[in-house]
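Visitor: I would like to learn how to read a few features of a protein model, one at a time. Could you take me through them slowly?

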Amino acid sequence: MKQAFIFLMVLFLVGLMAFWGLSIGSFKASYTDIMQALLHYNPDNQVHFAIVQLRLPRLLLALLVGGSLAFSGYLMQAMVNNALADPYILGTASGASLGAAMSIGGFILTSWGGLYLPPLFALAGAFLVTLLVIALGYRKGQIIPSQLLLAGIAVSSFLTALLGLFTFLSGSESALRSILFWSMGDFGRADWHLLPYPAAGLAIALGLFFFLQKELNILLLGAERAVTLGVPVARTRWLMLATVSVLTGFSVALAGSVGFVGLIIPHVTRGLLGLTHKLNLLLCALLGGLFMMGCDILSRLIYPPAGLPIGIITSFIGVPFFVYLLLKKSYKFN
Amino acid sequence: MSIFAISFFYRRFYFFLVLITLVLNLACESKKTSPPQNGFILVTDDTGRKIKVPQNPQRIMALAPSATEMLYAVAEENTIVGRTQNCDYPDQVKEKPVVNNYPMDYEKIVLLKPDLVFTVEGITSAEVAAKLQDLNIPVYFQKFEKVTDIFRGLRDIGRLLHREKAAQRVIDSLGTELAQLRINKASPKLRVLAITWHDPIFVFGQNTLFTDKLRYLGAENAVTEIFAQPYPALTREYILKLNPDVLLGGTPAEMETTFFQQYPELKKINAYRHKKIFAPTDNLMSRPGPRVVESIRELKSFLAL
């Protein structure tokens, strides 16, 4: 009962946070304006236009990216059975940053036929690198978690060096700052037509793993015991990996690589509901989204109008909270 | 609510910073040069650094493209011993040996043996200047916030190089041209937004030379708020609210397929609706040098004044 209450509480907070977020921006908007913009949208009214076309997609993107990263982190920690895992151990983030940086710096195309290419190159970089890491991390059709971890770390370090090189070689100060925004995350390019991809990805993933939750929980006991308990370990791991790749890929392609949310939110979730509660996955995604919206709002309040790169805020808020959680709760991963 | 307090505090803080800079700047105006010792004199540059420079500099160079243009306007050409990889104006400069300024090529600059080096604040770091100083190469920083600061900068270079007359000739002719271009237009002033980057959208802020250039044309920078960074990042919403009359950043065709393709919401701004979109020459916009009047002339042609 207590768990259900927590869940409803978080859901309520998401709504509240979104409403608060809608009131913040360059145009002054009262809560009446927001209600009117949502219920009787008038595109010729500048305030309505800003709320519906600019603020709402930005908040939704933060919600989806936060949700996707937190959910991916949860899966990843379960898969490699390691409390330190996050969605980026597959090299996704460094691949995406590298793709974007190469495009921004003009080393490959920046735009083509009116299409702005950095997000596409980020997506390509994310998937190519993830595939490479997976290729290095499996043997005889089986994912070997420890090998996958090491491959991810090795490839990421290599790509970080490459990213450094392209950052160094990029011509202008503006390009430099743009690359920084990419590698620390930014929701500034949010747009309605971009939202369906991460939304569909997250919805499908949540639906899928809602049915596989039992397998997930058994995997936490270790692969050998999972096999004896009848869990198709290899197949489950492939599914998890595919899901994490797609969700993380979309997230970093749209918002850059926002750090920390994928690491801490799964821990917060388990701290709130316990190790194996059936609402864990859903709550994890919601908490991730809530946290990300909050960080985005905070970043814009501290440094208006465009906000600080979001990764700075997530670390500033996330890390102390994480440490507090570790110290306060007698919380264990498994 | 503490967040509001923080934001408020930051704005106050920056206002305070700007104020201090202004006061310091005024203090620097009265530059004192001490009597010569062993062929060297002690001077104070625009950033308040006290440096020992030769009484008669014979080998000079600049570490910024705009400063190189300043030297070519005032100094004797054969005293200029080098240039950076980015210096490309005037054409003759391309014959001079190149010293990489980022990362600083210390060996090459030592090889060229300049006895005085000019640069612009923000282009050369304090660390690089200190190291050059250790190598017995004095670095003179200049700082330009207004168009008239450039004239003062030319005069300073003239004085240090004993080329006062040459400097005065340049200043006089630039001053005459500027007076001819000047427009004291009554309100409403055209509000101009100049962007330097699309993602995130970086623009020329209020505390840039661009703002002062527009003042000569009876127009104004659409960005009136003072940000910590000279080229702040703005949101689409902020630009919608600014609603600039003129947008600088690329030709209409370029902007249509890049900027407005990426941010169709911004098609609502006046500049787009009235087709007031122009591509200023990058070097003229970004270099605080003797071509500042040429830059103002170009801006005037965009404003169709």
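Visitor: How much space lies in the second largest pocket?

Guide: Please note that this is a predicted model, in which local features need pLDDT of at least 70 and side-chain atom pairs count only at pLDDT 80 or more, while totals for chains, interfaces and linings use all residues. Residues are numbered from 1 along each chain as its sequence is written, chains are lettered from A in the order in which they are written, and side-chain values use heavy atoms, without hydrogens and water. On a 1 Å grid over the protein atoms alone, a pocket is an open set of points where a 1.4 Å probe fits, with protein on both sides within 12 Å along at least five of seven lines, and lining residues have an atom within 4 Å of a point. Here, the second largest pocket holds about 750 Å³.

Visitor: Which residues lie nearest the centre of the second largest pocket?

Guide: Among its 37 lining residues, those nearest the centre are Ile24(A), Gly25(A), Ser26(A), Pro304(A) and Pro305(A). The lining divides into 19 nonpolar, six polar and 12 charged residues.

Visitor: How many disulfides does a search of the whole structure find?

Guide: A disulfide is a covalent bond between the sulfur atoms of two cysteines, counted when the sulfurs are within 2.5 Å. The search finds zero over all chains. The sulfur of Cys284(A) has its closest cysteine sulfur in Cys295(A), and because these lie 15 Å apart, they are too far for a bond. Cys284(A), at 0% relative accessibility, counts as buried (under 20% relative accessible area, with a 1.4 Å probe and protein chains only), and Cys295(A), at 2%, is buried as well.

Methods
Buried < 20%, exposed > 50% of the residue type's maximum accessible area, 1.4 Å probe, protein only. Points joined across faces, edges and corners; volume = space filled by probe spheres on them. Nonpolar A, V, L, I, M, F, W, Y, C, P; charged D, E, K, R; others polar.
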